[in-house]
Amino acid sequence: MNQLDALKQFTTVVADTGDFKQLAQFQPQDATTNPSLILKAVQKPEYAPLLAETVAAHRGQPLDVVMDHLLVRFGCEILKTIPGRVSTEVDARLSFDTAATVARARRIMGLYEAQGIPRERVLIKIASTWEGIQAAAELEREGIRCNLTLLFAFCQAVACGQAKVQLISPFVGRIYDWYKKTAGAAWDEAAKAGANDPGVQSVRAIFNHYKKHGIATEVMGASFRNIGQITALAGCDLLTISPELLAQLAATDAPLVLSLDATAAQTMDLPAVAYDEAAFRLALNEDAMATEKLAEGIRAFCADAVKLEDLMQKA
C-alpha cells in the first residue's frame, strides 16, 4: 500500500487545486480552491475556453459578479470529479468587512444552488480575521457552511470553534516558512522535521484542543511543503494537499502510522479557552508569525484577485 492509500485510512484526503482535470487520478474526497489556484488554472491553455465562455455569458455585469460566476464554474466542474465538497473563496479584499463577506457568500451559494448543487457540497472560504469569523458565525446559522482559511494562530482556531464554523484550514507550510526564515543560518532542518515542525505542532495543538473540549469544527491541515509534514499529521480530520505532493505520496511505500488521535486527546489536561474581540486581537498581535502571515496571505490573495480581474477584462 502506498502512503496516499495508507493516509486515506486515517484522514480525509482533499486536493488543493483549481486544475480539475488532475483530480481523478488521486481520488480525493473533497477539493479546495483559492484565487491564486484559479488564476494559475485559467492561464493554462486547456482552461482558457472556460474563462472566455464565462466572461462572454456575463458581459456587461460588474467584475465582481463575473468573478463569482467563474469561481462557481470551476467549483461545479470539480464537483463532477469528487464525491464530497468543494471550497470556494470570498474575495480577500472583503476580509475586514463582515457584512460584505456575508453578502458575497450568500451570492456564491445562490449561484451554486442555481446550478443544482446542494449546500452540503459547498464550503465558503473566508480569511480568519475577526470580521471573517463573525461573518462565518452568521452564515453557519443560515445553513451556509464555511472553511476559515489563512489560519496561523491558536486564538484564530479557538474563535472559529466558538463561532461553530464547519471547518478550519491551519497553514502548516507557511508557519514553517516563517520560522525557517526567522532562524536563518541557525535553522536545523533535520531537528525541525516531522513532529518537530512548527507548522505540524500548531495543527496538533489545535486538533487536541478541539477533541478535548468536544468542538465539532473540522481541522484540515493545509499548505504543505513536503510529505513529511503530511505524514506527521496522519489522523487529522482532513488534509488538503497539492497534486505534486499527492503524486509523491502515491509513489512512496514507506509505512505510515497514526500521529493525531482524537481519543487520546480527550484524556489530555488542556484548559478551556475563549476569546472576545479585544482578547482575540491582543492574542493575534502577540503572535508575530501569525500577524505577519495573515497580512501577507490576504495581500497575496488580493493581488491575485486583481490579476484575475485583468484577465477577465481582456477575455
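I looked first at the second largest pocket of this predicted model, and found it lined by residues including Glu53, His58, His69, Arg73, Cys76 and Gln115. A pocket here is an open set of points on a 1 Å grid over the protein atoms alone, where a 1.4 Å probe fits and protein lies on both sides within 12 Å along at least five of seven lines, and a lining residue has an atom within 4 Å of a point. Helices α3 (48-57), α4 (63-79) and α5 (98-114) each give two or more residues to this lining, and α4 gives the largest share, five residues; helices are DSSP runs of H or I with at least four residues, and strands are runs of E with at least two.

I then turned to the largest pocket, where the residues closest to the centre are Asp16, Asn34, Leu37, Lys40 and Ser242, out of 29 that line it. Its largest lining share, four residues, comes from α2.

Next I checked helix α11 (residues 243-250), whose buried residues (under 20% relative accessible area, 1.4 Å probe, protein chains only) are Pro243, Leu245, Leu246 and Leu249. They lie on the same side of α11, because the directions from the helix axis to their C-beta atoms cover an arc of only 160 degrees. What covers these buried residues includes α1 (3-10) and β1 (12-16).

For my records, residues are numbered from 1 along each chain as its sequence is written. Local features need pLDDT of at least 70 and side-chain atom pairs count only at pLDDT 80 or more, while totals for chains, interfaces and linings use all residues, and side-chain values use heavy atoms, with hydrogens and water left out.

Note on methods:
Buried means under 20% relative accessible area, exposed over 50%, partly exposed in between (1.4 Å probe, protein chains only). Contact means heavy atoms within 4.5 Å.
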